[in-house]
Amino acid sequence: MKGANNNSLDGFILMGVSDHPQLEVIFFVVILFSYLLTLFGNSTIILLSCLDARLHTPMYFFLSNLSSLDLAFTTSSVPQMLINLWGPDKTISYGGCVTQLYVFLWLGATECILLMVMAFDRYMAICRPLHYTTTMNPRLCGLLAAIAWLGGLGNSVIQSTFTLQLPLCGHRRVDNFLCEVPAMIKLACGDKSLNEAVLNGICTFFTAVPLSIILISYCYIAQAVLKISSAEGQKKAFNTCLSHLVVVLLFYGSAIYGYLLPGKTSNQGQGKFISLFYSVLTPMVNPLIYTLRNKEVKRALRRLLGKRGEVT
């Protein structure tokens, strides 16, 4: 096995859309634009959550965690994508590929858990409002965030390490935009059934369990929202929850397709474009979804810009 993997120490070739070179400039521009929007949007949410005292609530604490995660998530893959799309060199070093494999999977699994935590926060706020402040105290919020980050890290250590044990038999061409577990398993030679079983088992746990809890939470939330007598109160609760649900569906839908169905889909091109979706587009639209439908964030942004205007 060690001898079979010696060639991989020279690095890997990320194919991307190299089979359609005329598309590389288009992909470069779109991905660069999306990355810049991701940096701006998520940094703005983090800044507002830190500077505006009215946003020092559990909801915005978890939202700033999500924005921090999305910043790291895209930065772990997009710069390398842009380098490979810009010039003829499509290689990534062995160390770079391994780092990307661990970090990307860590942050992706963390987001699965964090979205579940955010659904629990909304459940407590809407269904248990009298107990919300005492239950969702800073200590519990910090603990839940730590569980999300550490749970994702544990998943990455197990899956990535297990994947790297596969023999590659000199194969270096990764038919993807980045190094991630499904693509690396497809690259390997020999019997991959155990790795695929582990991938399906762990990914089912990290998607099916959180997604089930999220959907159950929102069933209770929907019942509670319908009981709110104030139309304004109903609208506010509906807008907040709808934003979260849209993010959940975008992320889980693409992750399930990319990680649970890679062996069942015959079109490898679809798989790598799905990975592009959840690694580039989803982190970009998350801040847009939350801010466009969130009056509190808009007001906080106006207050921040107003203060800067007064200073200047």
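This is a short exchange about the cysteines and one aspartate of a predicted model.

Biologist: What do the values for this model rest on?
Modeller: Local features need pLDDT of at least 70 and side-chain atom pairs count only at pLDDT 80 or more, whereas totals for chains, interfaces and linings use all residues. Residues are numbered from 1 along each chain as its sequence is written, and side-chain values use heavy atoms, with hydrogens and water left out.

Biologist: Why is the link of C97 and C179 called a disulfide?
Modeller: A disulfide is a pair of cysteine sulfur atoms within 2.5 Å, and the sulfur atoms of C97 and C179 are 2.1 Å apart, so the pair qualifies. A search of the whole structure finds one disulfide, and with -115° about the S-S bond the link of C97 and C179 is left-handed.

Biologist: What makes C97 and C179 count as buried?
Modeller: Buried means under 20% relative accessible area, exposed over 50%, and partly exposed in between (1.4 Å probe, protein chains only); C97 is at 3% and C179 at 0%, so both count as buried.

Biologist: Why does C50 have no such bond?
Modeller: The closest cysteine sulfur, in C141, is 15 Å from that of C50, which is too far for a bond; C50 is also exposed, with a relative accessible area of 52%.

Biologist: How do you know that D70 has no salt bridge?
Modeller: A salt bridge requires a side-chain nitrogen of Lys or Arg within 4 Å of a carboxyl oxygen of Asp or Glu. For D70, which is buried, the nearest side chain of opposite charge (Lys and Arg count as positive, Asp and Glu as negative; His and the chain ends are not counted) is R122, 16 Å away, so no salt bridge is assigned.
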